[in-house]
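Biologist: Hey, got a minute to walk me through this one? I'd like to start with the ligand.

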Amino acid sequence: MSDSKELKFNTLTIHGGQNPDPSTGAIMPPIYQTSTYVQSAPGVHQGYEYSRSQNPTREALEKNIASIERGNYGLAFGSGLAAIDAIIKILKPGDEVISTNDLYGGTYRLFRTIFEPFGIKFHFTAMSETSRISELVNDRTRLIWVETPTNPMMNVIDIEAVSKIAKAHNSLLVVDNTFATPYLQQPLLLGADIVMHSATKYLGGHSDVVLGLVALKDKELADKLYYIQNSSGAICGPMDSFLILRGIKTLHVRMQRHCENGRLIAHFLKGHPKVDKVYWPGFEDHPDHSVARKQMKDFGGMISFTVKGGSYEDTAKVISSLNIFSLAESLGGVESLAGHPASMTHASIPKAEREKTGVVDSLIRLSVGIEDAEDLQNDLDQALQQI
Ligand SMILES: *Cc1c(COP(=O)(O)O)cnc(C)c1O
């Protein structure tokens, strides 16, 4: 099933990159909980030497992400940030990166505080207008980093347009596809060189594992990343690989419901007297709606909104009054979560910088789960009535 380009997405999530176990017929790839593999003579083995380098369960997951992202190669890491760390290690001191400014806080921290001291320069800009990228490109630009939809402001960036700029300047385009998942958008088909995921979120889908994934088409680039994966060693274990494989099997069904519930909740919030702004790319008056329509299959289950009046106290009261939505970091699980970006996911971004992008104290981010939509709506309503 690994060679299955013509199969449709809903089949690939279940079968892509996976074959029944050759020794037993087990339909799920077994959890190969082993660090090493016996060799019949020095250097004579079955393709597996040591589990940092190769592991059959991880390999099944790597083939699966390659397949559902329409790439040729996949790599799995211990977390989304470990995947990002490996990608940036392709670069050398003096190289420059242009990145989305409205970015996952942990990615920003990694770029700014870990890689910048090693001599890699990062520029952050709003990419909804691609002309902003052209202004920053120079002959040291090696990589463009796009997160779309952005977190937590739900801006949508035109991947195809950015890929044209990247290609014209011999620069790699990387897309963090965590929010959209390959169910909604497939960046490699839109010109991206590398797509990455925090599989911790929608791909796993059950809030029970932390893991990162990368998929790409180009062999030379894949070899480089494999070299980094094996040399730096930020791999994931076989149990975690198994859990993500299991999660991906229902990705399309879960995403369909996340999108349905997201649509209902977005419209509900927009009409609510205690709500000021609602950020969701499915609204026709969302500034990036046409790009979202063009490159995404639907609009997802991530919504941000501001509480009317805007005080920190009122916002905290609304969040604390929720019963079904749990106050927690993370997103993309079957259960609905609410977060306060300013004090949680984006706390590592300086206040002035985050407020420039819209991450104000009254902003609440929802990861709409797949519970009953009416129950979710009632929960939000009673919490908003508290102020
Ligand atoms: C969570 C997240 C990450 C980081 O992934 P981890 O698995 O937590 O290391 C990166 N990008 C986005 C968009 C995320 O939501």
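Modeller: Sure, one bit of bookkeeping to begin with: Ala, Val, Leu, Ile, Met, Phe, Trp, Tyr, Cys and Pro count as nonpolar, Asp, Glu, Lys and Arg as charged, and the others, Gly among them, as polar. This is a predicted model, where local features need pLDDT of at least 70, side-chain atom pairs count only at pLDDT 80 or more, and totals for chains, interfaces and linings use all residues. Residues are numbered from 1 along each chain as its sequence is written, and side-chain values use heavy atoms, with hydrogens and water left out.

Biologist: OK, how does the shell around the ligand divide up by residue type?

Modeller: Into 5 nonpolar, 5 polar and 3 charged residues.

Biologist: And which residues are the closest to the ligand?

Modeller: G80, D176, S198, T200 and K201 are the closest of the 13 residues that surround the ligand. To be counted as near, a residue needs a heavy atom within 4 Å of the molecule.

Biologist: What does D176 do there, in terms of distance to the ligand?

Modeller: One of its polar side-chain atoms sits 2.7 Å from a nitrogen atom of the ligand. S198 also brings a polar side-chain atom, 2.8 Å from a ligand oxygen atom. With G80 the atom is a backbone N or O, at 2.9 Å from an oxygen atom of the ligand. The ligand exposes 380 Å² when taken alone, and the protein buries 94% of that. Those areas come from the Shrake-Rupley method with a 1.4 Å probe.

Biologist: G80 is in helix α3, right at residues 80-88, so is that helix mostly covered or open?

Modeller: Mostly covered, with 8 of its 9 residues buried. Buried means under 20% relative accessible area, exposed means over 50%, and partly exposed is in between (1.4 Å probe, protein chains only). The buried ones in α3 are G80, A82, A83, I84, D85, A86, I87 and I88. Helices here are DSSP runs (H or I, at least four residues), strands are E runs of at least two, and both are numbered from the N terminus.

Biologist: Which residue does D85 form a salt bridge with?

Modeller: K89, with the closest N and O atoms 2.7 Å apart. A salt bridge here is a side-chain nitrogen of Lys or Arg within 4 Å of a carboxyl oxygen of Asp or Glu. D85 is buried at 17% relative accessible area, while K89 is partly exposed at 36%.

Biologist: How many salt bridges does the count come to?

Modeller: The count is 16. Another one pairs K63 with E59, where the closest N and O atoms are 4.0 Å apart.

Biologist: Where do K63 and E59 sit relative to each other?

Modeller: They are 4 residues apart in helix α2 (residues 56-68), so about one helical turn separates them. In general, an α-helix has 3.6 residues a turn, so residues three or four places apart point the same way. K63 is partly exposed at 40% relative accessibility, and E59 is partly exposed too, at 24%.

Biologist: What about D285, which residue is its partner?

Modeller: K270, at 3.0 Å between the closest N and O atoms. D285 is in the loop between β8 (275-279) and α11 (289-295) and K270 is in helix α10 (residues 251-270), so the pair ties together parts 15 residues apart in sequence. There is also one network, in which salt bridges that share partners join K351, R354, E355 and D361.

Biologist: Switching topic, how many disulfides does the structure hold?

Modeller: It holds 0 disulfides, a disulfide being a pair of cysteine sulfur atoms within 2.5 Å. C236 counts as buried at 5% relative accessibility, and C259 is buried at 1%.

Technical notes
A polar contact is a pair of N or O atoms within 3.5 Å; within protein, one must be able to donate a hydrogen and the other to accept it, and residues adjacent in sequence count only if both atoms are side-chain atoms.
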